[in-house]
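Please open the model in your viewer and keep a selection prompt ready. The stops below can be taken in order.

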Amino acid sequence: MMLKGTKIYSIFTGACPKCHQESMYKTKNPYVLNDVLKINDHCSHCGTRYRLEPSFFYGSMYVSYGVGIAFAVAAFIISYLIIETSLFIAFLSIVGALILFGPIIMRLSRNIWINMFMSYDKTLVKK
């Protein structure tokens, strides 16, 4: 169970990192591919700006690499070690997992990146 007020909550739900009252994204569903990275300019509840500077989210590409590796390792362990498939099938499962979870990886890495620079402020919730 994720509690509001924690960075984990904001990272996994895509909520505003300051007040946790609304989503940062224009479309909550990451599989609407036209809108996967479209982010609101600011939070309508607390006024927090999501774009701190031009090209702010370029840094999330570094986080995306790590998150993608974590998904790839998980796919390999499940397919090769647990299901005991061949290495070729394990490779295909890694590629499939990265394609299937690509939109989630992109949003998750953006959420991690912005939460590295912003923290929850419980006084903003009451506004």
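This tour moves from the whole chain to its helix pairs and then to single residues.

**Whole chain**

Start with everything selected, and keep in mind that this is a predicted model. The protein chain contains 4 helices and 0 strands, and its elements follow the order α-α-α-α from the N terminus. Aligned on its principal axes, the C-alpha trace spans about 55 × 30 × 25 Å. If you colour by accessibility, 37% of the 127 residues count as buried. The exposed surface of the protein chain is about 8,000 Å², with 66% of it supplied by carbon and sulfur atoms. Among contacts with a separation of 6 or more, 58% are between residues 24 or more positions apart.

**Helices α2 and α3**

Select residues 60-82 for helix α2 and residues 87-100 for helix α3. Their axes come within 8 Å and cross at roughly 140°. How are α2 and α3 oriented to each other? Angles over 145 degrees would count as roughly antiparallel; α2 and α3 are therefore oblique to each other. Their crossing is right-handed. To display the contact, show Gly 68, Phe 71, Ala 72, Ala 75, Phe 76, Ser 79 and Tyr 80 on the α2 side. On the α3 side, add Leu 87, Ala 90, Ser 93, Ile 94, Ala 97 and Leu 98. Coloured by class, the contact of α2 with α3 shows 10 nonpolar, 3 polar and no charged residues.

**Helices α2 and α4**

Keep α2 and add helix α4, residues 102-115. The axes of α2 and α4 come within 8 Å and cross at roughly 125°, so this pair is oblique as well. The crossing of α2 and α4 is right-handed. From α2, pick Ser 60, Val 63, Ser 64, Val 67, Gly 68 and Phe 71. These meet Ile 105, Leu 108, Ser 109, Arg 110, Ile 112 and Trp 113 of α4. The contact of α2 with α4 has 7 nonpolar, 4 polar and 1 charged residues. Gly 68 and Phe 71 belong to the α2 side here and also to the α2 side of the contact with α3.

**Helices α3 and α4**

Now hide α2 and leave α3 and α4 on screen. α3 and α4 pack at an angle of about 60°, and their axes are 4 Å apart. That angle makes α3 oblique to α4. Show Ala 97, Leu 98, Ile 99 and Leu 100 of α3, which meet Gly 102, Pro 103 and Ile 105 of α4. By class, the contact of α3 with α4 comprises 6 nonpolar, 1 polar and no charged residues.

**Ser 60**

Bring α2 back and centre on Ser 60, which lies in that helix. Is Ser 60 buried or exposed? Its relative accessible area is 5%, so Ser 60 is buried. Leaving out residues up to four places away in sequence, Ser 60 touches Ser 109, Arg 110 and Trp 113. For a distance check, draw a line to Ser 44: the two C-alpha atoms are separated by 23 Å, with these positions 16 residues apart along the chain.

**Helix α1: Tyr 9 and Ser 10**

Move to helix α1, residues 7-13, and select Tyr 9. Tyr 9 has 16% relative accessibility and therefore counts as buried. Beyond its neighbours within four places in sequence, Tyr 9 is in contact with Met 2, Leu 3, Lys 4, Gly 14, Ala 15 and His 20. The C-alpha atoms of Tyr 9 and His 20 are separated by 8.0 Å.

Ser 10 is also in helix α1. With 0% relative accessibility, Ser 10 counts as buried. Not counting residues up to four places away in sequence, Ser 10 touches Ala 15, Cys 16, Pro 17, His 20, Asn 111 and Asn 115.

**The loop between α1 and α2**

Finish with two residues that have positive phi. His 20 is in the loop between α1 and α2, and its phi is about 60° although it is not a glycine. His 20 counts as buried, at 2% relative accessibility. Ser 55 is found in the loop between α1 and α2, with phi near 65°. At 47% relative accessibility, Ser 55 counts as partly exposed.

Notes. Residues numbered from 1 in each chain as written. Predicted model: local features only at pLDDT ≥ 70, side-chain atom pairs only at ≥ 80, totals over all residues. Heavy atoms only, no water. Axes fitted to C-alpha atoms, helices over the stretch in contact; angles between N-to-C directions. Parallel < 35°, antiparallel > 145°, perpendicular 65-115°, else oblique. Left-handed = near helix turned anticlockwise from the far one by under 90°. Contact = heavy atoms within 4.5 Å. Nonpolar A, V, L, I, M, F, W, Y, C, P; charged D, E, K, R; others polar. Buried < 20%, exposed > 50% of the residue type's maximum accessible area, 1.4 Å probe, protein only. Areas by Shrake-Rupley, 256 points an atom, 1.4 Å probe, with all protein chains shown as cover.
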